[in-house]
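Here is a short report on one protein chain. Look over the sequence and the model before reading on.

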Amino acid sequence: LPALRRGGLGRALLARAMAQALDLRALSMFLEVSVENAAARALYESAGFAVVGRRPRYYEDGADALVMRAGLLPRAD
C-alpha cells in the first residue's frame with residue numbers, strides 16, 4: 001500500500017532474512033529483482049547487494065530480472 005511505503009518495513013524484513021541466513025551459516029544471499037523496480041534495487045544495493053547476472057525478459061511484462069548477491073558477514077554482538 002502506498003501509505004506504508006518508505007516506512008522501513010522492507011529494510012527490517014531484509015535485515016531479518018539476512019540475519020537468519022547468517023544464523024544458518026549461509027555465506028551469501030541471492031535475489032532477483034526487476035530492472036524496472038528502482039526502489040527495491042536501491043534498498044538491496046544499500047544492504048550490500050551487487051548485480052551478478054541478468055535474466056532477459058524474465059517477467060511477464062517482458063522486463064529483465066537482475067540477479068543480485070550479498071556476502072554475509074558475522075555480526076560483532
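## Fold and extent

Two helices and three strands make up the secondary structure of this predicted model. Read from the N terminus, the order is α-β-α-β-β. The helices are α1, residues 9-23, and α2, residues 38-46. β2 covers residues 50-55, and β3 covers 65-71.

Along the principal axes, the C-alpha atoms fill a box of roughly 45 × 30 × 15 Å. How much of the contact set joins residues at least 24 apart? Counting contacts between residues at least 6 apart in sequence, the share is 54%.

## Surface and charge

The protein has 77 residues, and 27% of them are buried. The exposed area is about 5,800 Å². Carbon and sulfur atoms supply 55% of that area.

There are 11 positive and 8 negative charges. The mean position of the positive set lies 5 Å from that of the negative set.

## The largest pocket

Rolling a probe the size of a water molecule over the atoms shows where empty space is left. In this model, the largest pocket holds about 410 Å³ of space. Its lining has 14 residues. Which of them lie nearest the centre of the pocket? They are Arg6, Gly8, Gly10, Arg11 and Leu43.

Both helices take part: α1 and α2 each supply at least two lining residues. α2 gives the most, with six residues.

## Arg6 and Arg57: positive phi

Most residues other than glycine have a negative phi. Arg6 has a positive value, near 65°. Arg57 is also positive, with phi near 50°.

Arg6 sits in the segment before α1. Its relative accessibility is 85%, so Arg6 counts as exposed. Arg6 is also one of the lining residues nearest the centre of the largest pocket. Arg57 belongs to the loop between β2 and β3. Is Arg57 buried or exposed? Arg57 is exposed, because its relative accessible area of 63% is over the 50% cut-off.

## The loop between β2 and β3

Ala63 is in this loop, and so is Tyr59. Why does Ala63 count as buried? Its relative accessible area is 7%, and the cut-off is under 20%, so Ala63 is buried. Tyr59 has 28% relative accessibility; this value falls between the 20% and 50% limits, so Tyr59 counts as partly exposed.

Which residues does Ala63 touch, leaving aside neighbours within four places in sequence? Ala63 is in contact with Ser34, Glu36, Arg57 and Tyr58. Arg57, one of these partners, is itself in the loop between β2 and β3. Val35 is 28 residues from Ala63 in sequence. In space, the C-alpha atoms of Ala63 and Val35 are 6.6 Å apart.

With neighbours within four places again left out, Tyr59 is in contact with Glu32, Val33, Ser34, Asp64 and Ala65. Ser34 thus appears in the contact list of Tyr59 and in that of Ala63. Ala65 lies in β3, which spans 65-71. How far is Tyr59 from Ala3, C-alpha to C-alpha? The separation is 26 Å, for two residues 56 apart along the chain.

Terms used. Residues are numbered from 1 along each chain as its sequence is written. This is a predicted model: local features need pLDDT of at least 70, side-chain atom pairs count only at pLDDT 80 or more; totals for chains, interfaces and linings use all residues. Side-chain values use heavy atoms; hydrogens and water are left out. Helices (H or I, at least four residues) and strands (E, at least two) are DSSP runs, numbered from the N terminus. Buried means under 20% relative accessible area, exposed over 50%, partly exposed in between (1.4 Å probe, protein chains only). Contact means heavy atoms within 4.5 Å. Accessible areas come from the Shrake-Rupley method with a 1.4 Å probe; for residues, only the protein chains shown count as cover. Lys and Arg count as positive and Asp and Glu as negative; His and the chain ends are not counted. The place of a charge is taken as NZ of Lys, CZ of Arg, CG of Asp or CD of Glu. On a 1 Å grid over the protein atoms alone, a cavity is a set of points where a 1.4 Å probe fits but cannot get out, and a pocket is an open set with protein on both sides within 12 Å along at least five of seven lines; lining residues have an atom within 4 Å of a point. Grid points are joined across faces, edges and corners, and a volume is the space filled by probe spheres set on the points.
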